[in-house]
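Here are my notes on this model, as numbered points. Please read them with the coordinates open.

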Amino acid sequence: MERKCEKHMHDYLKVMSANTGKENRHDLKSMLGDIAVALDQSAIVAITDRSGKITYVNEQFTKISQYSAEELVGSTHKIINSDYHSKNFFKNMWATIGKGQVWKGEIRNQSKDGNYYWVDTKIVPFLDEKGHPYRYIAIRYDITSRKLMEEQIRKDAEVYRLITENSLDFISVIDREGRFQYLSPSHRNLLGYSISALKEESIYSLVSEKNHAVIREALERQAAIEKPIEIAVINKVGQLKTMEATLRLIREKGEYNNHFVLAMHDITSQKHSESMIRDLYDYDQLTSLLNRSSFQQRLKQSLEAAERSSTKVGLVYVNIDRLRHVNDSFGHEAGDQTLSILADRLRTLLNENEVIGRISGDEFAFTLSDAKDENAIEKIAHQIKEHLEEPIVIKEKSIVLSISCGIAMYPQHAAQPTDLITKAEKALRFVKDHGGNGYKLYESGMATKNLERILLENELRKSVQMGNFKLEYQPKINLSREALSSVEALVRWDHPDLGRIPPDKFIPLAEETKMILPLGEWILREACKQALQWKKKGCPVRIAVNMSAVQLEEIGIVESIERILKEEFVDTDLIEIELTESAFANRIEMSDTIERIRKLGITVAIDDFGTGYSTLSYIKELPADTLKIDRSFIRDIELNENSRAIVKAIIMLADTAGLNVVAEGIESKEQAEILLELGCREGQGYYYSKPLPPKDCESMMIAIGSCE
């Protein structure tokens with residue numbers, strides 16, 4: 001085959017020399033032979049006839065195409081066509097060389113092994129006496145490496161374009177005067193500015209004036225700002241956006257040498273969430289007054305100031321008598337409005353130096369730092385009480401309240417904040433035990449028990465001993481699958497003579513008298529028995545058991561829990577401990593106990609999250625697996641944007657901390673859908689089921705397919 005190719009080349013040279021003078025033919029033949037050798041060594045050469053059929057290929061052609069000379073000669077270039085170029089591409093090529101003109105271009109071909117390669121091609125037509133092409137010579141050079149590099153550069157440029165146009169970060173290059181040399185498209189997309197307009201400005205026109213100094217100093221000193229700083233940026237419509245920014249000096253040689261790269265990330269939403277979280281940490285969400293925890297901290301500061309100035313401070317605890325009647329008669333919305341109005345009245349009546357807080361559902365507290373003695377503070381408290389009791393009109397209905405107040409004085413009655421609070425609470429309890437609607441200054445040895453309380457305490461002791469309690473179980477539902485995830489055990493007291501006594505009445509009494517210890521042990525043991533029974537029936541479900549701070553403080557509580565589980569043959573993954581609000585009062589002391597409980601394999605949930613002691617700071621300090629959002633935030637979540645925002649912030653924080661979230665008090669499908677949209681995983685409430693006796697709960701589990 002090589003001899004055939006040589007013959008074609010010889011014929012080609014013969015034709016070329018036929019039109020040359022005899023005396024120069026030998027030199028021309030020699031020169032053309034040299035050219036042919038050079039082409040063979042450096043280029044990919046092919047000769048075709050006028051129809052495009054290949055008549056000659058050199059060795060370089062066979063190497064790059066992976067076809068042999070025998071396979072190529074006699075075929076057309078379609079044999080190496082990669083189908084990359086359009087029909088018009090080749091149509092234009094043939095039109096050019098058909099006119100006797102040289103065609104130049106870049107072609108992607110396909111070798112025999114399926115790989116693609118690129119060649120820089122020049123096709124030269126040879127013309128007969130009439131000027132018509134009768135043969136073509138194609139000279140090609142391999143440019144595959146360059147084309148691959150160009151393609152990579154194009155892809156990199158496209159990736160960079162997509163990143164810069166869709167990034168939430170703002171990247172710019174500025175000189176030492178702060179003038180923009182480059183701006184990423186995000187400045188236009190997210191801030192609304194024209195890139196061309198910004199290039200006529202400087203960084204100082206974009207950034208709030210309060211941040212100018214730190215940027216100017218860095219630019220003048222050519223010093224990087226490696227640690228992110230917060231700066232305020234003004235978008236085109238005048239809104240302030242909070243950015244986290246870094247500034248780095250470009251030391252690499254090039255166009256931007258000794259310029260600065262300014263990288264900014266928009267953290268406006270994050271700062272808004274943090275602000276909301278801080279509010280949740282410090283303030284009661286309904287009244288915007290200090291919550292219990294923050295009130296105690298501010299009270300401590302107030303007493304420290306009083307000590308330095310040798311002045312007196314009065315502490316007044318306020319309870320709204322029979323607020324439940326307002327809720328029952330006018331609805332919970334009216335009750336919430338009542339609390340908000342009373343909070344506004346307190347803010348109006350007291351000067352800005354006083355500490356005011358909402359301590360619990362129907363209790364407020366405030367300081368009086370202007371009272372010179374006990375008579376003066378009683379007089380002021382009486383005046384405030386009268387103002388608080390002025391009728392409240394809600395939806396054209398007049399609500400008349402009665403108020404009870406307990407008063408304690410610093411330093412007469414107590415020198416420490418917690419002691420002062422305790423004394424004021426005792427004075428308040430005295431007023432309540434004597435019918436309410438009054439005020440009382442603390443006196444040593446106050447009786448805090450009335451006849452009803454003594455009777456209830458005695459009956460509680462007897463009922464614990466006699467076992468007059470039972471458990472009901474309220475399901476917790478996976479919101480996305482609407483499947484049972486676990487249940488909560490709720491203790492019920494059905495007294496043979498007094499009837500059913502609500503938990504909010506006997507649980508606090510049980511904690512105060514420490515009857516919660518034997519009662520709590522019975523509850524845990526009963527829950528274990530039920531968990532084992534359901535497991536044997538093919539319904540393995542985790543049962544959550546409530547536990548109070550009094551139980552956690554008991555020496556040996558962890559060992560007691562472990563012993564009960566072993567005695568009842570229950571796996572630890574079938575039991576969860578829910579810690580009541582009061583368990584967080586002494587969080588440092590509780591932390592070790594809670595961690596030891598978790599090490600047993602028992603999960604721990606924070607109950608009623610978002611109220612009282614259950615503020616956000618405790619998540620970081622106490623080990624837990626689950627947050628239960630208090631029902632007060634769920635009750636109006638479909639109507640109240642503030643409640644919805646708070647729930648969203650709690651869920652975001654829980655996700656960051658790796659905690660599960662359960663929403664309490666779901667009463668409608670709309671509430672469930674909103675919670676699911678906000679990212680809440682589980683929920684419980686009357687929309688799904690009220691607390692059920694064991695048999696009814698078991699029937700429900702079977703009905704929804706939770707049993708094997």
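1. Start with strand E20 (residues 499-501). It runs antiparallel to E19, and 3 bridges join the two strands. Tryptophan 493 has isoleucine 501 in E20 as its bridge partner. Between E19 and E20 there are 3 residues, and the two strands form a hairpin. Bear in mind throughout that this is a predicted model.

2. E19 also pairs with strand E18 (residues 469-478). These two strands are antiparallel and are joined by 10 bridges. Proline 475 is matched with valine 487 of E19. E18 and E19 form a hairpin too, with 4 residues between them. Look at glutamate 482 in that turn: its phi is positive, about 50°.

3. The pairing with strand E21 (residues 542-547) has the parallel sense. It covers 4 bridges. Here alanine 489 stands opposite valine 545 of E21.

4. How many of the 13 residues of strand E19 are buried? The count is 11, so strand E19 (residues 483-495) is largely enclosed by the rest of the structure.

5. Now the nonpolar cores. The largest has 78 residues. Trp534, Ile543, Val647 and Leu675 have the most contacts inside it. Helix H19 supplies the largest share of this core, 9 residues. A second core is separate and has 30 residues, including Val316, Ile320, Ile356 and Cys405.

6. Isoleucine 543 deserves a closer look. Leaving out residues up to four places away in sequence, its contacts include Val487 and Ala489. Both positions also appear in the strand pairing: valine 487 as the partner of proline 475, alanine 489 opposite valine 545. Isoleucine 543 also touches Ala527, Gln530, Ala531 and Trp534. Tyr473, Leu574, Ile575 and Glu576 are further contacts of isoleucine 543.

7. Helix H26 (residues 669-678) has a buried side. Gln671, Ala672, Ile674, Leu675 and Leu678 are the buried residues there. They lie on the same side of H26 because they cover an arc of only 165° around the axis. An α-helix has 3.6 residues a turn, so residues three or four places apart point the same way. Lys669 and Glu677, on the other side of H26, are exposed.

8. What do the buried residues of H26 pack against? Two helices and a strand: H24 (631-634), H25 (641-657) and E25 (660-663). Leu675, one of the buried residues of H26, is also among the residues with the most contacts in the largest core. Just after H26 comes glycine 679, with a positive phi of about 105°.

9. Some backbone geometry should be checked. Most residues other than glycine have a negative phi, and most peptide bonds are trans. Aspartate 83 is not a glycine, yet its phi is positive, about 60°. Aspartate 83 sits in the loop between helix H4 (69-72) and helix H5 (87-98). Is aspartate 83 buried or exposed? Its relative accessibility is 67%, so aspartate 83 counts as exposed.

10. Lysine 514 is another non-glycine residue with a positive phi, about 65°. It belongs to the loop between helix H18 (503-513) and helix H19 (516-536). With 48% relative accessibility, lysine 514 counts as partly exposed.

11. There is a cis peptide bond to inspect. It runs from tyrosine 410 to proline 411, with omega near 5°. Proline 411 is in the loop between strand E16 (403-410) and helix H16 (417-433).

12. Two serines complete the list. Serine 111 lies in the loop between strand E3 (103-110) and strand E4 (116-127). Despite the loop position, serine 111 counts as buried, at 6% relative accessibility. Not counting residues up to four places away in sequence, serine 111 touches Ile64, Ser65, Gln66, Tyr67 and Tyr117.

13. Serine 42 is part of helix H2 (residues 22-42). It counts as partly exposed, at 48% relative accessibility. Serine 42 and glutamine 60 are 18 residues apart in sequence. Their C-alpha atoms are 7.8 Å apart in space.

Notes: Residues are numbered from 1 along each chain as its sequence is written. This is a predicted model: local features need pLDDT of at least 70, side-chain atom pairs count only at pLDDT 80 or more; totals for chains, interfaces and linings use all residues. Side-chain values use heavy atoms; hydrogens and water are left out. Buried means under 20% relative accessible area, exposed over 50%, partly exposed in between (1.4 Å probe, protein chains only). The arc is that of the directions from the helix axis to the C-beta atoms. Contact means heavy atoms within 4.5 Å. A nonpolar core is a set of buried Ala, Val, Leu, Ile, Met, Phe, Trp, Tyr and Cys residues joined through side-chain atoms within 4.5 Å. Two strands pair if DSSP finds at least two bridges between them.
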